[in-house]
Amino acid sequence: MISTARVPADKPVRIAFSLNDAPDDTPSEDAIPLVFPELEQQLQPLPPCHDSVESMQVFKQHCQIAEEYHEVKKEIALLEERKKELIAKLDQAEKEKLDAAQLVREFEALTEENRTLKMAQSQCVEQLEKLRIQYQKRQGSS
């Protein structure tokens with residue numbers, strides 16, 4: 001059955017028709033909201049043909065796949081965040097390693113300087129002792 005009605009020219013017109021004689025109790029494609037609003041439009045499950053079992057099965061499969069896709073995207077986001085955290089920790093560890101290496105070099109340099117100064121001090125003590133002995137000899141001979 002075709003029904004007609006006059007609509008003002010400034011109003012949008014929506015035309016709907018059915019190829020069967022069944023009453024229009026089935027929801028239209030527009031009545032099915034986006035199942036996964038965060039999913040890109042081209043990946044959205046297409047509304048099923050409610051008269052077809054196969055269409056309903058395909059729709060359910062598509063919904064399951066879309067849900068799995070959403071879960072995988074969430075997991076990827078979490079893993080990327082974890083990756084950033086690990087990279088930051090690695091950078092910090094490398095910085096600490098470089099700092100430790102610098103401290104080791106400074107320690108080795110100071111150890112070498114300490115050894116050199118101790119040797120110089122020992123030589124100065126020996127030289128002072130020799131000078132004392134010479135001075136005492138001069139005092140004793142005069």
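## Overall picture

Where does Ile65 lie? Ile65 lies in helix α1. That helix is the one helix of the protein chain, which has zero strands. The model is predicted.

The chain has 142 residues, and 6% of them count as buried. Its accessible surface comes to about 13500 Å². Carbon and sulfur atoms hold 58% of that surface. Among contacts with a separation of 6 or more, 25% join residues 24 or more positions apart.

## Confidence

Average pLDDT for the protein chain is 81. A score of at least 70 is reached by 75% of the residues.

Two stretches stay under 50. One is residues 1-5, where the model has zero contacts beyond four places in sequence. The other is residues 13-32, with nine contacts beyond four places in sequence.

## Helix α1

Helix α1 covers residues 53-141, which is 89 residues. From its first C-alpha to its last it reaches 130 Å. The span expected at 1.5 Å a residue is 132 Å, so the model comes close to it.

Ser52 caps the N-terminal end of α1. A side-chain oxygen of Ser52 lies 3.4 Å from the backbone nitrogen of Glu54.

## Buried positions and the core

Which residues of α1 are buried? They are Ser55, Phe59, Cys63 and Ala66. An α-helix has 3.6 residues a turn, so residues three or four places apart point the same way.

Phe59, Cys63 and Ala66 also belong to the largest nonpolar core. That core has five residues, and Phe36 and Leu39 complete the set.

What does Phe36 touch, leaving aside its neighbours within four places in sequence? Phe36 is in contact with Cys63 and Ala66, which are also core residues. Its other contacts of this kind are Gln44, Pro45 and Glu67.

## Ile65

Is Ile65 buried or exposed? Ile65 counts as exposed, because its relative accessibility is 53% and the cut-off for exposed is over 50%. Ala66, in the same helix, is buried.

Pro45 is 20 residues from Ile65 along the chain. The C-alpha atoms of Pro45 and Ile65 are separated by 9.1 Å. Pro45 is also one of the residues in contact with Phe36.

Methods
Residues numbered from 1 in each chain as written. Predicted model: local features only at pLDDT ≥ 70, side-chain atom pairs only at ≥ 80, totals over all residues. Heavy atoms only, no water. Core = buried A, V, L, I, M, F, W, Y, C linked by side-chain atoms within 4.5 Å. Buried < 20%, exposed > 50% of the residue type's maximum accessible area, 1.4 Å probe, protein only. Contact = heavy atoms within 4.5 Å. Helix = DSSP H or I, 4+ residues; strand = E, 2+ residues; numbered from the N terminus. Areas by Shrake-Rupley, 256 points an atom, 1.4 Å probe, with all protein chains shown as cover. Polar contact = N/O pair within 3.5 Å; in protein donor to acceptor, adjacent residues only side chain to side chain. pLDDT = per-residue confidence, 0-100.
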